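Q: Could you take me through the contact surfaces in this model, one step at a time? I am new to reading structures, so please explain the terms as you go.

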Amino acid sequence: MNIETDDIQVGALQPRPTPYVATYIILRIDEKRAGRELLRRLIPAVANSTRSNTERAWVAVALSFQGLKVLGVPDASLQSFPIEFQQGMAARASLLGDTGESDPANWEKPFGSNDVHLAVSAIAPDAAALEAVLAPARKAYETFAGVTAIWRLDCKVLPTEREAFGFRDGISHPAVEGSGIPGSNPQEEPLKAGEFILGYPDESGGISQPPVPEALGRNGTYVVFRKLHQRVAAFRQYLKANSANAEAEEFLAAKMMGRWRSGAPLALCPTHDDPQLGADSRRNNDFLYYADDPKGLKTPPGSHVRRMNPRDSVVLGVPRLHRMIRRGTSYGPPLPEGVLEDDGAERGLAFIFVGAHIDRQFEFVQSQWVHDGVFIGAPAEADPIVGPSNGDNQHTIPQQPIRRRLSGLPRFVVTRGGEYFFAPSLRALRWLADLST
Amino acid sequence: MAKSYPWQSQPSAKSGLIDEFSAFFSVKPGQAENLRKAALAYVKSPARSADPKLVDEASRITGVHNIRLTLFDDGTRFLFATSFDTDWEPYVLDSLKTMKGVAPWGQFLKYTVEAPEGIEVPGKIPDSAALEFLNTHRIRAAAYDDTFKDLTVAVEQKAMALYKAFQQVLDNPAAAEALQHPALKPLLDQASD
C-alpha cells in the first residue's frame, strides 16, 4: 500500500524526538478572510511526511470544527465530519470520564468554548531547532490582524527524560503500512494506513471515511489534544503508604503502570528492573501477553500499558481496532525527588492522539478500557494511573498464592482542557486558504 | 451527512452493565423454514458450542451472553436479538472482526428481504457495511432488565470456576476443619447447602 506521504503533514505520523522541546498555540479566527490568509502564510512552514522529511523538528497545523466553520467551510462539508468532532471534546465529557475536577466547567479557558479554532504546534530536539521551525509560523500569526493567539503551552522534556510520575514514555508506536516509519514492536503487524490517515483501507475492512470534498478530507487525520495535570505528590504518597520500602514502591509503581520507571516492561522483567533494556528502543517494546502471561501474573491486565494496548490478550474487544498513535510532552517544573507534599505548581502532560477515528480509537479506549475494567473482567476497576476516581478506585495485581488488590486509589490525573482537531493534508490546507465563501 | 441512527437519540436499554440488541427483518417469501433451520444450525455451530475454551474466549472477546432468533407473524418476520456486556456500538465492529465478518450471521440473515446480496459469503460484505445494515434495522427495547445485570461474561466465568472449586473443597473430608480459620468465615457461611 502506497500512501501519499507528500501530502500528509509530517506531524501526523512521525514519532516525537527524544529529548524534545515543544510549543502548542491556540488561535481564535476573528475574521474568515484573515484565517484563510493565515493558513496561506503557515503552509510553507508545514512539512510533509516523505522520507526526506523525517526531520525531528516540525510544525503542524490543525483546526477544530468551530475553526472550520468560522473559516467558511460549506455546510455540506461541515456535516460530513463525524458527530464527535462536530460536538467537540467538552460535549463528550461524560463519555470520556471528564467529570468532577476534570469537568469542562473547570477547564482552563479557552478550552470548552467555541473560541478554539486553530492549533499550531511545533516540536524539536532542542530550543534552537524549535525556534528555527516556529519562527516563520509565529511571524505569520503575530503580525496579522484578524487572528488572535489566545493560549499557549510550552513543553520540554524533564531533566530525568521521563514524564512527571517518573516513567520513561514515548516508547510504544505502531507501524503504519506504507508510511516507512517502523513500529516499536517487531511482533506487531503494521496497522492499515486507514487507521491513521483518512481515505485509505483501515482495519475494519472499509475505508477510513474522509469528510467531503476529497480535496479537504483525503490524507488528513484527527488530532485529540488534552492538557493533563499530574498529581505527582499524591502518586508518591500512595506508593509510600502502600509499600514497606523504596524497592517495594518501585515494584508497586511498575505493577500500576505495566513497566518499571526505566521503561523496562514487566512482561520481560517481571521481578526486577533492567534499565538498559528500558532504554533500548529495539527491545523495550518487543513482547506480547497471551502465550506467556494470560493471567497477568507479570503485567496486570488492569495496568496502564496493558489497557492502552492489550496486544494479543483475551479481552472484550479486538485491540487492532483501537490502536492509537499517542504522544506526550511534559510541561511544568519537576517535583524535586523525595518531596511528598504538593507545591501547587502546574505540571503534567500535553497528550496528543493521532488517528482516523476519534470514536473507535481515542474515545473507545478512554471510555471502555480506561474508565472501567469490564473488558478484563474487573468492572469496578479503572486505570490506576490515568483513570477517573472518587477516591475509591481499585486495581488487582495477580500474584501467587493470593492476588493483591489495591484500594482507595485516588485520581492522579486531572483534565485541564482539550479539544478535537482535524489536521488537513497539505493540499487541503491550500483548499482551505483558497476558500471564497 | 455524518452517520446517525434513530436509536442514538433514544435512552439506553441497558440493564446494569448489560446491553441488548434487537433487529427486525422481513422473511423472504417461502423461506421461513430455511431460516429456521439455519438459525438452529448457527446456535449449534462449532463457534457456539463445540469447544468450551473457544466459546469462553470468543464470549470474553465479544461479551455476548445470549442470542435469540425468532420467527413471528406466521413466519413473515424475524427477530435477531442478543445481549452482551457494555454498549452495542463501541464493540460491534470487534464482534464482527472476531467472527471474521458477518458471514456466520449471514447464514440465516440471507433469508431476509433486507440482507445485502452475498451476506453469507465470507469476506463479501465489509464489516463497515455489515454494521450499517445491522444498525439500520435495529430497534432499541423500550425496557430491558437482566436479573444478573452486573455480571459480565468474564465475571460469570470466574464465578462458575470459583463455584466448582468450592464444591471440590467441600467434597474433601478435611473441609470442615480447614474452613474454621476466621479469614475463611465468608466461605464457611456458604458451605452448609
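A: Here is a walk through the contact surfaces of chain A. This is a predicted model, in which local features need pLDDT of at least 70 and side-chain atom pairs count only at pLDDT 80 or more, while totals for chains, interfaces and linings use all residues. Residues are numbered from 1 along each chain as its sequence is written, and chains are lettered from A and ligands numbered from 1 in the order in which they are written.

Let's start inside chain A, which is split into domain 1 (10-169 + 200-220 + 423-433) and domain 2 (229-417); such bounds come from an automatic or database domain assignment. Between the C-alpha centres of these two domains of chain A there are 27 Å. Where they touch, domain 1 of chain A contributes 40 residues and domain 2 of chain A contributes 37 residues, with contact meaning that the C-beta atoms of two residues, placed from the backbone, lie within 7 Å.

On the domain 1 side of chain A, at least two residues each come from β1 (21-29), α5 (83-87), α6 (93-96) and β4 (147-156). Helices (H or I, at least four residues) and strands (E, at least two) are DSSP runs, numbered from the N terminus. The largest share, four residues, belongs to β4(A).

Now look outward: 21 residues of chain A meet 24 residues of chain B. On the chain A side, α5 and α13 (358-370) each supply at least two residues, and α13(A) gives the most, with three residues.
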